Amino acid sequence: MGQISEWPRSGPRIFEDSIPDESLKSLSTILQAQELKELRTVDLNPGKIAQGEIVWASIPRGETTQKLLFTALWASGGQSPKPFPTSVDPLVQWVQETIKTVNQRKLRPVKNAKPVDCGLAVR
């Protein structure tokens, strides 16, 4: 089970489905990229964001877990534009494509389901 959250909508919608093998292999390749493995969170307190995106990822790495939190800011509200680190881009693109696929399949949310540690966020 996974969940998709849309902001400003409150509360997750829970779906039950599987990820195709090809998509799962693609995600595995992205997560094994050395550039992503070496990435560390720089800004743990993004503050207020007038317009932008947030990436939060928790990636199991054997005995430990790599936790990432990044903000990408668009030029608005007096803020200077700031993109995600380039090593995060493939993961963001994979999430966006997976969300598009879920939306195209028009899956119905599971009623009274409780979220698990798997989720995709839609902006």
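Let me start at the hairpin, where strand 3 and strand 4 are joined with 2 residues between them, and where G62 in the turn has a positive phi of about 70 degrees. What we are looking at is a predicted model, so please keep that in mind throughout.

The two strands of this hairpin pair in the antiparallel sense, over 10 bridges, and within that pairing P60 stands opposite T65 in strand 4. If you follow the side chains along strand 3, you will see that they alternate: E53, V55, A57, I59 and R61 point to one face and are buried, whereas G52, I54, W56, S58 and P60 point to the other face and are not.

Now to strand 4, and to two residues in it that I would like to take in turn. Is Q66 buried or exposed? Q66, which lies in strand 4, residues 64-73, has a relative accessible area of 7%, and because the cut-off for buried is under 20%, Q66 counts as buried. Its side chain is also engaged in polar contacts: a polar atom of the Q66 side chain lies 2.7 Å from the backbone oxygen of L36, and the Q66 side chain makes a further polar contact, at 2.8 Å, with the side chain of R61. Which residues does Q66 touch, once its neighbours within four places in sequence are left aside? They are L36, K37, L39, R40, A57, S58, I59 and R61.

The other residue is K67, also found in strand 4, and K67 counts as exposed, with a relative accessibility of 57%. Setting aside neighbours within four places in sequence, K67 is in contact with T41, A57 and S58. The C-alpha atoms of K67 and W56 are separated by 7.5 Å, with their positions 11 residues apart along the chain.

R40 has already come up among the contacts of Q66, and it deserves a moment of its own. R40 sits in the loop between helix 2 and strand 3 and, at 53% relative accessibility, counts as exposed. Its side chain reaches the backbone oxygen of K37 at 3.1 Å, and, apart from neighbours within four places in sequence, R40 is in contact with Q66, L68 and F70. For the last of these, the C-alpha atoms of R40 and F70 are 9.5 Å apart, although the two residues are 30 apart along the chain.

Let me turn to the helices, beginning with helix 1. This helix covers residues 21-32, and its 12 residues should span 16 Å at 1.5 Å a residue, which agrees with the 16 Å found between its end C-alpha atoms. Which residues of helix 1 are buried? They are S23, L27, I30 and L31, and, seen down the helix axis, the buried residues fall within an arc of 95 degrees, so they line one face of helix 1. The general background is that an α-helix has 3.6 residues a turn, so residues three or four places apart point the same way. On the other side of helix 1, D21, E22, K25 and T29 are exposed. What covers the buried residues of helix 1 includes helix 2 (34-37), strand 3 (52-61) and helix 3 (89-105).

Helix 3 can be read in a similar manner. It has 17 residues and reaches 24 Å from its first C-alpha to its last, close to the 24 Å expected at 1.5 Å a residue. Its buried residues are L91, V92, W94, T98, I99 and V102, and because these fall within an arc of 160 degrees when seen down the axis, they line one face of helix 3. The face turned away from that buried side carries the exposed residues Q93 and Q104. After helix 3 comes K106, whose phi is positive, near 50 degrees.

Finally, let me step back to the chain as a whole. Its secondary structure comes to 3 helices and 5 strands, which follow one another along the sequence in the pattern β-β-α-α-β-β-α-β. Of the 123 residues, 29% count as buried, and the accessible surface comes to about 8900 Å², with 52% of that belonging to carbon and sulfur atoms. How much of the contact between residues at least 6 apart in sequence joins residues at least 24 apart, then, and what is the figure? For this chain it is 58%.

Definitions and conventions. Residues are numbered from 1 along each chain as its sequence is written. This is a predicted model: local features need pLDDT of at least 70, side-chain atom pairs count only at pLDDT 80 or more; totals for chains, interfaces and linings use all residues. Side-chain values use heavy atoms; hydrogens and water are left out. Helices (H or I, at least four residues) and strands (E, at least two) are DSSP runs, numbered from the N terminus. The expected span of a helix is 1.5 Å times one less than its number of residues. Buried means under 20% relative accessible area, exposed over 50%, partly exposed in between (1.4 Å probe, protein chains only). The arc is that of the directions from the helix axis to the C-beta atoms. Contact means heavy atoms within 4.5 Å. A polar contact is a pair of N or O atoms within 3.5 Å; within protein, one must be able to donate a hydrogen and the other to accept it, and residues adjacent in sequence count only if both atoms are side-chain atoms. Accessible areas come from the Shrake-Rupley method with a 1.4 Å probe; for residues, only the protein chains shown count as cover. Two strands pair if DSSP finds at least two bridges between them.
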